[in-house]
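Here are a few worked exercises to try with a structure viewer open. Have a go at each task before you read its solution.

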Amino acid sequence: QVQLVEYGGGLVRAGESLRLSCSATGTATRWTFSTYSMGWFRQAPGKEREFVAAIARNGGRTVSADSVKGRFTISRDNAKNTVYLQMNDLRPEDTAVYYCAADKAYGTLLHSTSTEYVFWGQGTQVTVSS
């Protein structure tokens, strides 16, 4: 079992930046954060949850949605059991609840489909005013 907690959401103006953090803890003996590829998703009111970015277990590969390319960067620090989402040049359309998610253990693919992820955080609200 993996528990995920997101931090860093808030209210910002268009053009500003935020960095989201997601801290992971595990309950299994010898649990290791680097076992899991990680992803960020977001869900705006009245819309379906959508993929934002994903990162491989060792951080060597990332993939992101076209809507955030060049503005958002996903990274991770396995020593701190934390994955980050640096969001620059925020726009009102980025307003959503942002969720981090852990893929199944030892996965090698980076998934953009929410159903591929096993563990989810509770979400953190990001609101961008115009």
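**Exercise 1.** Let's begin with Tyr106, in what is a predicted model: decide whether Tyr106 counts as buried or exposed, and describe its surroundings.

*Solution.* Start with the accessibility: Tyr106 has a relative accessibility of 59%. The cut-off for exposed is over 50%, so Tyr106 counts as exposed. Next, place the residue: Tyr106 sits in the loop between β9 and β10 (117–120). Then look for its partners: setting aside residues up to four places away in sequence, Tyr106 touches Thr35 and Arg57. Finally, check a distance: 20 Å separates the C-alpha atoms of Tyr106 and Ser64, which are 42 residues apart along the chain.

**Exercise 2.** Find out how many disulfides the whole structure has, and work out which parts of the chain are tied together.

*Solution.* First, search the whole structure: there is one disulfide. Second, identify the partners: Cys22 and Cys100 form the bond, with their sulfur atoms 1.9 Å apart. Third, locate them: Cys22 belongs to strand β3 (residues 18–26) and Cys100 to strand β9 (residues 96–103), so the pair ties together parts that are 78 residues apart in sequence. Last, check the burial: both Cys22 and Cys100 are buried.

**Exercise 3.** Asp103 is a charged residue to look at carefully: determine whether its setting is buried or exposed, and what its side chain contacts.

*Solution.* Begin with the location: Asp103 lies in strand β9. Now test for a salt bridge: Asp103 is buried yet has none, and the nearest side chain of opposite charge, Lys104, is 4.1 Å away. The salt-bridge cut-off is within 4 Å. Then look for polar partners: the side chain of Asp103 makes a polar contact with that of His111 at 2.6 Å. To complete the picture, list contacts beyond four places in sequence; among them are Tyr36, Ser37, Glu116 and Tyr117.

**Exercise 4.** Count the aromatic pairs in the whole structure, then characterise the pair of Phe41 and Trp120.

*Solution.* The search of the whole structure gives eight aromatic pairs. For Phe41 and Trp120, the centres are 5.1 Å apart and the planes make an angle of 55°, a tilted pair. Phe41 is in strand β4 (residues 38–43) and Trp120 in strand β10, so the pair ties together parts that are 79 residues apart in sequence. Compare the accessibilities: Phe41, at 1%, counts as buried, whereas Trp120, at 27%, counts as partly exposed. To finish, follow the ring pairs outwards: they link Phe41, Phe51, Tyr99, Tyr117 and Trp120 into a cluster.

Notes. Residues are numbered from 1 along each chain as its sequence is written. This is a predicted model: local features need pLDDT of at least 70, side-chain atom pairs count only at pLDDT 80 or more; totals for chains, interfaces and linings use all residues. Side-chain values use heavy atoms; hydrogens and water are left out. A disulfide is a pair of cysteine sulfur atoms within 2.5 Å. Helices (H or I, at least four residues) and strands (E, at least two) are DSSP runs, numbered from the N terminus. Buried means under 20% relative accessible area, exposed over 50%, partly exposed in between (1.4 Å probe, protein chains only). Lys and Arg count as positive and Asp and Glu as negative; His and the chain ends are not counted. A polar contact is a pair of N or O atoms within 3.5 Å; within protein, one must be able to donate a hydrogen and the other to accept it, and residues adjacent in sequence count only if both atoms are side-chain atoms. Contact means heavy atoms within 4.5 Å. Rings of Phe, Tyr and Trp (its six-membered ring) pair if their centres lie within 6.5 Å; planes under 30 degrees apart count as stacked, over 60 as edge-to-face and the rest as tilted.
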